Structure formats: structure tokens, C-alpha cells
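Thanks for coming. I have one structure to go through, and I will start at a single residue and work outwards.

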Amino acid sequence: MINTTVSKIWVLRLGSTFLGVEPGAFKEVLEVTQPTPVPLAPQPLLGLLSNQGQIVPVFDLSQVLQIPPAGSGIAALLEFEGQPLAFMMDEVIGLHSNLSGAWITPSQNPLFSAVLEEGGKTVQILEVRHLFAHLSEQMSTLTQTPSVLNRPVPQA
């Protein structure tokens with residue numbers, strides 16, 4: 001482990017897991033009652049919602065991280081290169097700054113840039129770029145049409 005300075009990080013709680021998000025990527029907290037379902041969508045995608053005229057996919061990150069699901073009805077809205085994405089969470093712990101005494105180590109999981117140890121809590125810092133890429137890949141892989149449906153229809 002190395003001791004390093006981390007200027008600011010939003011800390012969110014999903015079950016008993018603490019997630020860190022860079023302030024530039026974390027836009028707001030959304031109240032999610034029932035996202036609009038997407039027919040035949042793969043499991044991590046809960047549905048879509050409209051936020052300020054923009055369609056936002058809402059994901060269950062607990063399935064991706066293999067942890068217990070959120071139950072609070074709120075989601076973190078993230079943005080990467082102008083694209084929105086929301087994931088369900090339980091609580092916003094707050095904006096942590098001046099973490100000069102925190103211990104940070106590289107993460108073995110590509111969805112996280114690092115693991116931060118601060119105040120007795122382990123905070124996994126999301127690598128937002130990799131999260132978007134991972135979820136996009138999952139959506140394209142899981143939504144491909146089975147080859148049986150791609151066969152030509154016989155003419156009568």
C-alpha cells in the first residue's frame with residue numbers, strides 16, 4: 001500500500017459496499033420508482049427513465065458486482081463523454097475531500113481504478129470509463145438475436 005493524496009471523491013453505498021465516484025462523473029441523485037422496462041433486455045438493465053428530457057438507462061450494479069441489491073429507490077446519475085447512465089444505490093454518504101491520510105491501492109477489478117481505505121471504510125473507486133464500456137459490452141452481447149431467428153422465412 002502507498003499513502004497518497006486524493007483530493008475529492010463522492011462516496012455512495014450499495015448494500016454494505018462503498019463506492020467512490022469522481023466529482024466530474026457524478027451528476028445527481030435520481031428518485032426511481034419504476035423505470036420503463038425494455039423488452040428482452042438483459043438482467044443488469046432495469047429499464048429507462050427520462051431525466052430533463054434525456055433518456056437514461058438504469059442498471060442494477062449489484063448484479064454486475066455480485067452483491068446484495070439496493071432497496072432504497074434512488075439511483076446515482078453518472079455521465080461519461082456526454083452519455084448518461086444511472087445505477088441503483090442505497091445512500092449517498094457524501095463528498096469526501098482532503099483525504100491526505102487515506103491509503104490507496106490499485107484495484108484488481110477493471111471496473112475500479114483503486115481501493116481507498118479511509119476512516120475504517122473500504123471504498124472502491126469506480127473507473128467510470130470502464131463501467132460504461134463493460135455495461136455496453138454486456139448489453140450488446142446479451143441482446144444479440146439467436147441464430148434461429150436470423151434464418152430466412154421459407155416462401156409459400
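Asp60 sits in the loop that connects strand S6 to helix H1, residues 61-65. Helices here are DSSP runs of H or I with at least four residues, strands are runs of E with at least two, and both are numbered from the N terminus. This is a predicted model, in which local features need pLDDT of at least 70, side-chain atom pairs count only at pLDDT 80 or more, and totals for chains, interfaces and linings use all residues. Residues are numbered from 1 along each chain as its sequence is written, and side-chain values use heavy atoms, with hydrogens and water left out.

What is the nearest side chain of opposite charge to Asp60? That is Arg13, 13 Å away; Asp60 is buried and has no salt bridge. Buried means under 20% relative accessible area, with exposed over 50% and partly exposed in between, using a 1.4 Å probe on protein chains only. A salt bridge needs a side-chain nitrogen of Lys or Arg within 4 Å of a carboxyl oxygen of Asp or Glu. On charge, Lys and Arg count as positive, Asp and Glu as negative, and His and the chain ends are not counted.

Apart from neighbours within four places in sequence, Asp60 is in contact with Pro44, Leu46 and Pro69. Contact means heavy atoms within 4.5 Å.

Now the strand before that loop. S6, residues 54-59, runs parallel to S8, residues 83-89, and 2 bridges join them. Phe59 has Phe87 in S8 as its bridge partner. Two strands pair if DSSP finds at least two bridges between them.

Both strands belong to an open sheet of 5 strands, ordered S4-S7-S8-S6-S5, with mixed pairing. S4 and S5 (45-51) are at the edges with a single partner strand each, so one side of each has no neighbour in the sheet.

For the whole protein chain, the count is 2 helices and 12 strands. Of its 156 residues, 40% are buried. Among contacts with a separation of 6 or more, 56% are between residues 24 or more positions apart.

Last, confidence. pLDDT is the predictor's confidence in each residue, from 0 to 100. The protein chain has a mean of 85, and 85% of its residues reach 70 or more. Strand S4 (residues 26-31) has the highest mean, 97, and strand S1 (residues 2-3) the lowest, 40. Residues 1-5 are below 50, although this stretch has 14 contacts in the model beyond near neighbours in sequence. Where pLDDT is low, the predicted coordinates should not be read in detail.
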